[in-house]
Amino acid sequence: MKETDKENEGGWLRGGTRKTEKDQSWIPKIIKKRVCTSFVEDSFSNGALCQCGGVREMHGSIATGDYFGAAIVSQWDSSQHSSEYPTDAFGELEFAGSGRRHSHFLRLSCDTPPQIVYTLMTAHWGVPSPNLVVSVVGGEGREKVKTWVREVLRQGLVRAAQSTGAWIVTGGLREGVGRCVGEAVRDHGAAASSFSQKKVIALGVAPWGLVHNRQQLVNPQGSFPARYYVQNTSRDSCCLDNNYQAFLLVDDGSVGRPGGETAFRANMEDYISHQRTGIWGSGNIEIPVLCMLISGEVAMLERVDLSLKKTTPWLVLAGSGPAADLICEVLDDLSTVLLSPPISPSESEGGEGPCTELRDRVRDKVRRHFPAEVDLEKLVDRVLSIYQNRDLITVFHGEQEGPDDFDTVLLKALVRASKRISSDASEYIEELKLAVAWNRVDIAKSELFNGDILWRYEDLEDSMTDALVNDKPQFVRLFTENGLNILDYLTYRRLETLYRSLSDSSLAYTLLQRRLTERQGLAGLLPDLPDSLDGGSPLKTPQSPLTGPVSAKELSLYEVSRLLWGILGDVCEPFYYSPLGLDHSTGTRRALKHVNKLLLGDCPYREQRCLSPWASLFIWAVLQNRSEMAVYFWEMAGESVLSALSGCKMLRELSKLESETETKLSMKELAQKFENLAHDVFSECYQSSESRSFTLLIRKSPVWSGATCLQMATAADARLFFSHDGVQSLLSQIWWGDMERSTEVWKLVITFFLPPLIYTNLISFREQEEEGKSDELPHGRETDSLDGGDGGTVFSLADIMKTEEDAEEYAALRASLKDSSPSPPKLPYAVLRWRQFWFAPVTSFLGNVLMYFLFLCLFAYVLLVDFMPPPPKGPSTLEFVLYFWVFTLVCEEIRQTFFVGTTTVFLRMKIYIQDMWNKCDLTAIILFSLGLCCRMFPWSYEFGRAVMALDFMVFTLRLIHIFAIHKQLGPKIIILGKMMKDVFFFLFFLAVWLMAYGVANQALLYSYDPRPDWIFRRVFYRPYLHIFGQIPIHEMDADKLVEVECTDNATLIEAGAEPCLSTYANWLVVLLLVIYLLVTNILLVNLLIAMFSYTFSKVQEHSDTYWKFQRYNLIVEYHSRSCLAPPFIILSHLNLFIKRHIRRIPSVKIKHFVLELRGRKASRLNTWEAIQKENILSAHNKRQRDSDTERLKRTSVKVDSVLKQMAEIRDHDRRLRTLETELEYCSSALSWMVEALSQSPVIKPTRPPPTLRVADLTPLSPTC
């Protein structure tokens, strides 16, 4: 979603309309400017200037109407002597010659409410909400900024802003600190990525009357953009800096006077500090605001004092200038003196005790830094007031500490302030909240999760929610590894809260709102809401910046379930139906009524724990296309292969609905990543244990609502996954049934026509000794190794039922054996062999192929030899056999359409019609029915025969699909299908050129020929034949014309006579023929060959993958079919009809290839799969650690550590030198004292003075 299309937030802006960049005509109605209306004479200008800085002529007649006179008013005041008018400067700013993106600007009154301005910036200008605001004050004017301060701003502040997502607020002018910050932002933008550039927002808040060339910005209708010229950019000036993203030009009515923006800037900082971080203010902390003092004059002390009284923390750079140095010295020197917070006037007047001493010390420091200050006592009181709030002040010694750890300094400064403000919060929790808000997991690991602090679940709960909502997966991983139990954390209430926090720009939010509208519309809650989101205003009610849209509060798990049902389709049963008290067979309308009734009550399900928390969070992350977080949840969730395929399916379905190209592409990339993960994990599983990997593919998952890997891979179009040898091996095993996969096809054909050969050794069958052992594994086997081997397999091919009849018999057998014998009795050898051969899918396929060839032969014979006249002479007996055969084919198509699957009839028909070969079948049946009806009547007999002839072609083309199973023909069929698309593009170009030549050729050769059939033949048919060399030169070349009977009489021509050829422009006809043949035969035909070559080379490398995917669909089709081929399949259909509608026996197995595991077997399989996934992740992490990038990172960390140690060694060396100097002084003093005492008669020594023993010590040199 474009940033300028965000909805309005807060107060008067909470409408449902959207604003574009140029639709800002409402700004002058709300935001005002200030103009001085009362002339207050400035005594220093000899009456020429007002104290506002403007000349007398600018005030005009408005001043005469004012009630103040020069004798009464001696001091100009903005609130009294200026008036508000609609602002005349707003819009976008283009810096001429800079070549940079446009900046936003606004002229506003100093009394403008900060709420309006903040909403304008975030909702209309598209400035992202900050996680931190650093307000840099001081250092204005032409004062030279020290070099180390520049480095702190460049390497410390801007880098910290990038890592935290901060706003940097300065004056925004090209002078002093503002220019340094702009240059730092510019250098950062040149080296950082586009995403990092968006995270650094430089905001300029400057006085309007001080801006140079401000008249270029004036336009009452707004400027989009306003061209702003900056001259002499190498020197400091009051021009706006082109490195800032937005400018707030505060107008207090003055001209050329600094400081008019101070009050508004302080109010805006205070307002922002009460807003919350995150999406819609969903974070668990308010936006931290930190003021940073650099240098500063006397007036800056008042600014610091006022902000401190509003509990705004300050970071003071020691050594940067007078005001900053004064505060630092006062804090350092008076730290031993206890100052009570309130200093009453009586205590101040007493002049005794610590207060007098304190004031004297402060007075001396103020006098030293500001010797020219007149009102010294007032300044001392200001400094003492600042000292009272010393807990909110952090001193940064930039010359000693350096800019490397500046972000950590910011964090500790805010933590220190929050600890003072919030008495009930511990320091560590506040520091953690700030680290989460800034997404600084490195600070959290080094400072908070280093093992020294024992974290409780209650401490991490809010931060976990913040990390989830604002997409910070590294913190989610960190919290999970340090004490947060996801089972306790994720309840259904919290899961609903997470879905309510979706961004309104996401596709999932829009889809959920549609489901919500359906439910509320049924309940009669929202009768006026639109039915669709495609047009008009979006489906969104007014929203609160703290809680999100009101309608989102009512989102429930039912909307999520409906959304997943729409995305995943028939693969899974509905999610979250169990906690909602719904049954999977419940109709949609009944479910809506039940949910509405449930939500009007207490909703007890919301307090329940989520049964599969990691899978639920995985779905939540995938729906939002959050790549890193989705991958982490996939790592933590069980059933890795199925989870990855499910994520692939959801993302590919969402990408079809997404309109934004960039988001669509990222969804497809993430879907492919999950398919690759599924492929890699299954490959590891297949290498570990073949039989267990087969079980993994067909195991019914309770987490994913009864889906299997094969079903999900089919729905997700996971062709790479299907191309894996393990998947193909399982499909081959199912395809051949209990026969050996190495059986030759000729043996099957012979046995098909000679069934007694089944009982010979012509066909080999696999042994079934292990059948049934999966239910009686001894206890010793259950503790086998889970790392590999086939010893503990739970898979047997006999568990996969060949047909629905087998499933019913097996279920009935299991039910009857529960109370009798522990194992089912064996079938007789003759019956067993018979079933093993005829119930195999390959036998069913072979039977259908042979019978289909027989059907085509019968059809061709009837059409060519035995197509009798209409009744009563016909049809013949063989034609009636043909009709019955087609009727059995129709019955099979009806079974596939209406009796396969568990969805609604409409959805089954939709799924059926989506298949290309089903469309072919439908076309063939419709044509056959049409031909059958027409051939029964004499007047339409020939038409019916023609339709039958065309229908034979359609039935014959159906053979292509049958031979798609062949290993050599299958890939070629895929390539042929791709080339058909190229043919259509070629025909388009050919038709354009053919029509152009045909019309011109007809017009030049025949001056008049109104016969439509001949026009069509000469315009289209004859030029088409020219391509293949059939050129009637005797009708086109005047030199070779043949005399024929013709006429130029229009009446005769209309009666049917042949028109004469025109020889007027015969040379042009020949020329056009040459050009036409050149373009078609050389250019277009070679273009077609080139397109075929490109398609072949492009598809050839992937054709095998496509074929393996389509092979699965064919195997599924014949696995579900009866062993009887048409026309004998009618017997199977009658059997099914009797069971379903007369005996009312339900179908036990509707879906294909499903194996249900429970208890210990399912647990062991999940554990084994998790081990293989861990092996894959370990190998991936090892490869990543061994990569050059990671090695460089580790080397960089080590170098940084060595540099820090070197800095510490240099500091120790400096301290040692200082200590040596002091010791030398002490030694000299002691020597002097000894010498003096030895010469004095006061003390008489009893022994001589000691002598110094010099040891042979080598000085230590610092090493790294």
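Trainee: In which loop is Cys 603 found?

Mentor: This is a predicted model, in which local features need pLDDT of at least 70 and side-chain atom pairs count only at pLDDT 80 or more, while totals for chains, interfaces and linings use all residues. Residues are numbered from 1 along each chain as its sequence is written, and side-chain values use heavy atoms, with hydrogens and water left out. The elements are DSSP runs numbered from the N terminus, helices being H or I runs of at least four residues and strands E runs of at least two. With that numbering, Cys 603 is found in the loop between H23 and helix H24 (613–623).

Trainee: Is Cys 603 buried or exposed?

Mentor: Cys 603 has a phi near 55 degrees, a positive value in a residue other than glycine. Buried means under 20% relative accessible area, exposed means over 50%, and partly exposed lies in between, with a 1.4 Å probe and protein chains only. The relative accessibility of Cys 603 is 2%, so this residue counts as buried.

Trainee: Tyr 576 is not a glycine either, so what is its phi, given that the value is positive?

Mentor: Tyr 576 lies in the loop between helix H22 (557–568) and helix H23 (588–599). At 10% relative accessibility this tyrosine counts as buried, and its positive phi is about 60 degrees.

Trainee: How many helices and strands does the protein chain have?

Mentor: The protein chain has 1264 residues, and buried residues make up 48% of them. Where contact means heavy atoms within 4.5 Å, residues 24 or more positions apart account for 74% of the contacts with a separation of 6 or more. The secondary structure of this chain comes to 47 helices and 14 strands.

Trainee: Why can the pair Arg 382 and Asp 305 be said to tie together parts of the chain, and how many residues apart are those parts?

Mentor: Side chains of opposite charge can pair when their charged atoms come close. A salt bridge here is a side-chain nitrogen of Lys or Arg within 4 Å of a carboxyl oxygen of Asp or Glu, and Arg 382 forms one with Asp 305, the closest N and O atoms being 3.0 Å apart. Because Arg 382 lies in helix H12 (residues 376–388) and Asp 305 in helix H8 (residues 299–309), the pair ties together parts whose separation in sequence is 77 residues.

Trainee: Which residues are linked with Asp 360 and Arg 363 in a network of salt bridges?

Mentor: Asp 360 and Arg 363 both lie in helix H11 (residues 354–369), three residues apart, about one turn of the helix, and their side chains meet in a salt bridge with an N to O distance of 2.7 Å. The two partners are covered to unlike degrees, since Asp 360 counts as partly exposed at 34% relative accessibility, whereas Arg 363 counts as buried at 17%. The residues linked with this pair in the network are Arg 359, Glu 377 and Asp 381.

Trainee: What is the relative accessible area of Lys 649?

Mentor: The side chains of Lys 649 and Glu 653 meet in a salt bridge, with 2.9 Å from N to O. Being four residues apart in helix H26 (residues 640–657), they are separated by about one helical turn. Lys 649 is buried, with a relative accessible area of 8%.

Trainee: In which loop is Pro 875 found?

Mentor: A cis peptide bond joins Gly 874 and Pro 875, with omega about -5 degrees. Pro 875 is found in the loop between helix H35 (841–864) and helix H36 (877–898).

Trainee: Which residue joined by a cis peptide bond lies in the loop between helix H44 (1066–1120) and helix H45 (1129–1142)?

Mentor: A cis peptide bond, with omega about 5 degrees, joins Pro 1126 and Pro 1127. The residue placed in the loop between helix H44 and helix H45 is Pro 1127.

Trainee: What relative accessible area does Leu 878 have?

Mentor: Tyr 861, Leu 864, Val 865, Leu 878 and Val 881 form a nonpolar surface patch with about 480 Å² of accessible area together. The elements giving two or more residues to this patch are H35 and H36, and Leu 878 lies in helix H36. Leu 878 is partly exposed, its relative accessible area being 34%.

Technical notes. Patches are made of residues with over 30% relative accessible area and no salt bridge: like charges are joined within 9 Å, nonpolar side chains (Val, Leu, Ile, Met, Phe, Trp, Tyr) within 5 Å. Accessible areas come from the Shrake-Rupley method with a 1.4 Å probe; for residues, only the protein chains shown count as cover.
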